[in-house]
Amino acid sequence: MLSYTVYSEAGGVGKTTLAANLAKAEARAGRDVLVIDFDTQEASLSYLLDVDENRSNKEADSLLRHMIDRPRGPFEDLVETSEGIDVVPAHNILEYASKHLQRRAEEAADFGESFNPNKQLLRVLKDAGVAEKYDTLIIDPPASPDIKLHNAIHATRHLVIPFEPSGKGYESVQGLDDIVAGLENNLDIEVGVLAIVPNRFEGLNTQKEFLAEIEAEGWEVPVTFRKRSSLLEGCWNEQCTAYRYIEEFRDRDREHELETLEKFDELAAYIRRQAEVPA
């Protein structure tokens, strides 16, 4: 199973829209896709794919309950389907993931049991047979490097990193070596970067220089997405991927938007060629 986490430590770089559209590109390629929304923001992947109705329901089961051994039902009941993509939606209780996982670890220690709070998503996915059921697993964590990111990395071992080619965005990519090394040291695993994805590129000379420097440092930049504010705002308004938005909500084809879809397909295919690892 191909598995990766779409992550950026900088907010507002198109992380969630990239995760959703890569998932759709995978589904269009005939693959069974599971996406896990680990982001507690209201404007999350669950909202974008319109599967967030139980987000604040205190009686609803949640992925975090499974991670602390208090499920209210089978894992399969957590899964919603949108546009041919299976999604485990985010729940507001994820905001307290660190507290609950650490408390569960303390309880386990009291009884002489082993419980690594950073590996519970991996355990849940293994117990549910996710690697046998799906071809692709994509996780969308929050931008903050907290316990949710650590669980996502343990489950996928690979990163896809969107960034905006501005001075701030470039600074975050320059620190990528340190981020990856820090994750590897903290989690005692190897973490691969499958692709760095420039978003909202406008063709400015400074942006071209940023991209040239990134590639000179050895990072893979398979595609570059230009600024597509109208298209992506439309996706958020209609709660859908760019593919569905263009098909159902545009009255005519726009060449630059079709080109964006081709780039999502191209990026998804590139990522598939980079790694096929067990989750």
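Modeller: Before we start, accessible areas here come from the Shrake-Rupley method with a 1.4 Å probe, and for residues only the protein chains shown count as cover. This is a predicted model, in which local features need pLDDT of at least 70 and side-chain atom pairs count only at pLDDT 80 or more, while totals for chains, interfaces and linings use all residues. Residues are numbered from 1 along each chain as its sequence is written, and side-chain values use heavy atoms, with hydrogens and water left out.

Biologist: OK, how much area does the protein expose?

Modeller: The protein exposes about 12700 Å², and carbon and sulfur atoms supply 42% of that area.

Biologist: And how many helices and strands are there?

Modeller: The protein has 13 helices and 7 strands, which are DSSP runs numbered from the N terminus, with at least four residues (H or I) for a helix and at least two (E) for a strand.

Biologist: What share of the residues is buried?

Modeller: Of the 279 residues, 56% are buried, where buried means under 20% relative accessible area, exposed over 50%, and partly exposed in between (1.4 Å probe, protein chains only).

Biologist: Is helix H7 mostly covered or exposed?

Modeller: Helix H7, which spans residues 147-156, is mostly covered, since 10 of its 10 residues are buried; among them are Ile147, Lys148 and His154.

Biologist: What comes just after H7?

Modeller: Just after H7 there is Arg157, which takes a positive phi of about 65°.

Biologist: Changing topic, what box do the C-alpha atoms fill?

Modeller: Taken along the principal axes, the C-alpha atoms fill a box of roughly 60 × 40 × 30 Å.
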